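Got the viewer open? Let's walk through this one together, one selection at a time.

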Amino acid sequence: MRESSVRSATRAPEIIKGLINFMAITTLVYMYFMFAEHVTARFAAPAPEVRVSNAWFFGEFSLLFWMIFIFGLFIPTFTLIINAIRSKELNTKFTVAAFTIIVFALWVKRVLIIVPTQSRPLMPLDYELYVPTWVEWAMVAGTFAVAALIYTVFLKVFPIVEIAEELH
């Protein structure tokens with residue numbers, strides 16, 4: 001076995017551990033900002049923001065909010081931290097699954113940012129549930145398509161090849 005492949009094989013757990021630490025810290029900071037946002041909205045905000053915060057915590061969006069917070073952010077982050085601490089048993093598949101759950105939860109959180117505020121207008125009108133149109137769904141699909149395109153072009157310009165293998 002070459003020396004370069006041995007060196008890269010021993011560095012892989014270090015890189016994964018660094019990614020785990022970065023994702024865990026970033027998610028913890030995001031959860032703190034989420035908490036600070038709600039404390040502010042419940043303490044000194046105008047009445048419409050209090051209504052939105054009540055809808056998130058206790059209203060029709062509470063189930064989605066608490067599922068995102070507990071199952072999408074808190075539990076995966078906690079398990080990532082435990083996985084990083086127990087580095088002898090580093091599980092890459094488990095880490096990828098936790099990362100995927102966190103990213104999906106953050107996308108669903110974006111829905112919670114838009115939908116409750118759009119369904120609670122500032123004017124004193126009857127409340128109606130916001131339903132996105134086909135144009136808005138197309139824009140979301142287009143966002144995913146553009147991200148995939150940019151990633152594909154990036155891989156075409158900068159292929160993923162181990163540096164030690166390219167030199168020999």
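Start with the whole protein chain: of its 168 residues, 23% are buried, where buried means under 20% relative accessible area, exposed means over 50%, and partly exposed is in between (1.4 Å probe, protein chains only). A quick note before you click on: this is a predicted model, where local features need pLDDT of at least 70, side-chain atom pairs count only at pLDDT 80 or more, and totals for chains, interfaces and linings use all residues. Residues are numbered from 1 along each chain as its sequence is written, and side-chain values use heavy atoms, with hydrogens and water left out.

Now switch to a cartoon view. You'll find six helices and zero strands, in the order α-α-α-α-α-α from the N terminus. Helices here are DSSP runs (H or I, at least four residues), strands are too (E, at least two), and both are numbered from the N terminus.

Next, select residues 62-85, helix α3, and look for isoleucine 75 in it. Isoleucine 75 is partly exposed because its relative accessibility is 37%. Phenylalanine 71 is also in helix α3; with a relative accessible area of 52%, phenylalanine 71 counts as exposed.

Keep those two selected and add Leu63, Trp66, Met67, Ile70, Phe74, Phe78 and Ile82: with Phe71 and Ile75, they form a nonpolar patch on the surface, about 860 Å² of accessible area together. Accessible areas come from the Shrake-Rupley method with a 1.4 Å probe, and for residues only the protein chains shown count as cover.

What lies alongside? Add helix α4, residues 92-119: α3 and α4 pack at an angle of about 150°, with axes 9 Å apart. (Axes are lines fitted to C-alpha atoms, for helices over the stretch in contact, and angles run from 0 to 180 degrees between N-to-C directions.) That makes the two helices roughly antiparallel, a label for angles over 145 degrees.

Last stop: threonine 100 in helix α4, partly exposed at 48% relative accessible area. From C-alpha to C-alpha, threonine 100 is 9.5 Å from proline 76, though they are 24 residues apart in sequence.

Note on methods. Patches are made of residues with over 30% relative accessible area and no salt bridge: like charges are joined within 9 Å, nonpolar side chains (Val, Leu, Ile, Met, Phe, Trp, Tyr) within 5 Å. A salt bridge is a side-chain nitrogen of Lys or Arg within 4 Å of a carboxyl oxygen of Asp or Glu. Angles under 35 degrees count as roughly parallel, over 145 as roughly antiparallel, 65 to 115 as roughly perpendicular and the rest as oblique.
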